Amino acid sequence: MGLHWGAPVLQSLMPEEWWDRIQSVQVDPHVPTKELDTLKWLKGDTGEPMAAFTFGPFYRLRRSKLRDLLSEGLDVQYDKRLVDVSSSPHGCSVTAHFADGSSTVGSMLVGADGARSSTRQLLLGAELGTIEKLPYAATFVQRKFNTEQALYLRSFHPLFLASANPSNNFAFFGMQDAADPDDPSSWTFFFYISWQSSLEEQEETKDWTDAQRLGQQKQFAKKFCDPWKSAYEWTPDDAPVWYMGLTSWDPGAEGHRWDNQNGLVTLVGDACHPMTYQRGQGLNHSVTDAGKLREALVKIESGADRGETISAFEDEMIKRGGTEVRDGNANTTLLHDWEKVRLSPLFTKGMNKTDE
C-alpha cells in the first residue's frame, strides 16, 4: 500500500518508537525512503515515457507487516461476523452482536470492516449499504523470478511503475517483498493489467480458474512493453493469481448518510469510502479518518456533545472521502480510454491529495 500525504497523521497516532520501525514494514526495508520519489508512467505499447510525478516521502508498505505493527498490544479477536447493532435505552452504550451468539458492549462502535462493511449494511440496509460494482477488472500476479530476470525487471524502477496502453488497458508493476537484498531470486514482484469488463462479463466469468485468468492477462501483455511483457512470459501458466472486479461506494450519494445514533456508531476507512486504487489514495484517507476521529474523541472526553461532535467528524470525512471516491471512479474510467487518458486525475494530479 502507498502512504504519502497521510504519513504525518499515521505518525501522530503511533508511539514514537513505532514510527521508528516504519522502514521495517516497507516492501524493501533495505532502501531508505526518499524525501522525494518519482512515479514513472510509460506508454504501454512502446515504453516511451508519458509522464513522471514527483512526490514524497512515499512509503511503500506491506499490508501484513503494517497490520502486525499496528496490532501490537491489542486484543484482536478473529472470526467475528457482525449481525446486529443495538444501543441502550438511555443512549450511553452500544452493543455489537455477532453470528456466533456472542456480543460486546462499548461506549462507541467504529465500523472499520472494509469495503463490504457489515456495519454499513446494518446501518443503511442491504440495498443502500452494498458496494457498487464497476465495469472494470484486474488480475494480480505475485511472482518470484530467477536472479537475472529479477534484476532486469527491477531495473525499470526499484519500487513501482505505471502504464497506460492504446489498447485501453492500464497496468502497474511493483515490488512486493525484497526481504534479502543480496538474493534477487528471493524478491517477490506484483503486477496487473486492468481492463474494461462489463458487469455481464464479470458474471459470466465468475467461475474462471486461475489458469484462465492468467491466460487472459498473458494475452493482454502481448501488446505491452517490458517489464510487463517479459514478466508475464516468465510466469508459469499454473501460477496462482488474484482477480477482482473494481468497486466503490460514495458516502456523499443521496440516501447514503447513516444514523450514527447520537454519536454511538460511525464508519471509517473503506467502510465509509471504498474507492478504486489506481491513484493510491485509499490508505491516506483511511489514516486521516483515524486521526480526525481521535481528535473528535478528545473533544468528547473534554465535554463536547457526543452527537454533534461525531456528526461534524462525519461531515468532513464524507465530503473528503466522497470527493475522492468520485475522483477515483473518473480516474479509472479515463485510464481505460486512450483518447482521454491524459485527462485522468492520475495524469493531472499525480499522487497528490485532492483539494477539498
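Here is a quick walk through a predicted model, from its overall build down to a few odd backbone spots.

**Overall build**

Start with the fold elements: the protein has 12 helices and 14 strands. Its radius of gyration is 21 Å, close to the 21 Å that the globule rule gives for 356 residues, so the chain is as compact as a globular protein of that length. If you boxed up the C-alpha atoms along the principal axes, you'd need roughly 65 × 50 × 40 Å.

Of the 356 residues, 48% count as buried. Looking at contacts with a separation of 6 or more, 71% come from residues 24 or more positions apart. On the outside, the accessible surface comes to about 17,000 Å², and carbon and sulfur atoms own 50% of that. As for charge, there are 36 positive and 50 negative side chains, with the centres of the two sets 3 Å apart.

**The cores**

In soluble globular proteins, nonpolar side chains tend to be buried together. Here the largest nonpolar core holds 49 residues, and the members touching the most others are Trp41, Phe173, Phe189, Phe191, Trp228 and Tyr232. A second, separate core has 26 residues, including Leu264, Ala271, Ile300 and Ile310.

Trp228 is worth clicking on. Leaving aside residues up to four places away in sequence, Trp228 touches Leu42, Leu161, Ala162, Ser163, Ala171, Phe172, Phe173, Phe191, Tyr192 and Ala221. Two of the residues on that list, Phe173 and Phe191, also appear among the best-connected core members.

**Odd backbone spots**

Most residues other than glycine have a negative phi, and most peptide bonds are trans. A few places here go the other way.

One is the peptide bond from Asp226 to Pro227, which is cis. Pro227 sits in the loop between helix H8 (210-221) and helix H9 (228-234). By its numbering, Trp228 from the core section is where H9 begins.

The others are Gln261 and Asn262. Gln261 has a positive phi although it is not a glycine, and Asn262 likewise shows a positive value in a residue other than glycine. Gln261 lies in the loop between strand S13 (242-248) and strand S14 (265-267), and Asn262 is found in the loop between S13 and S14 too. How exposed is Gln261? Gln261 is partly exposed, with a relative accessible area of 22%.

The angles side by side:

| Site | Angle |
|---|---|
| Asp226 to Pro227 | omega near 15° |
| Gln261 | phi about 50° |
| Asn262 | phi near 60° |

Notes. Residues numbered from 1 in each chain as written. Predicted model: local features only at pLDDT ≥ 70, side-chain atom pairs only at ≥ 80, totals over all residues. Heavy atoms only, no water. Helix = DSSP H or I, 4+ residues; strand = E, 2+ residues; numbered from the N terminus. Rg over C-alpha atoms; globule rule 2.2 N^0.38 Å. Buried < 20%, exposed > 50% of the residue type's maximum accessible area, 1.4 Å probe, protein only. Contact = heavy atoms within 4.5 Å. Areas by Shrake-Rupley, 256 points an atom, 1.4 Å probe, with all protein chains shown as cover. Lys, Arg positive; Asp, Glu negative; His and termini not counted. Charge placed at Lys NZ, Arg CZ, Asp CG, Glu CD. Core = buried A, V, L, I, M, F, W, Y, C linked by side-chain atoms within 4.5 Å.
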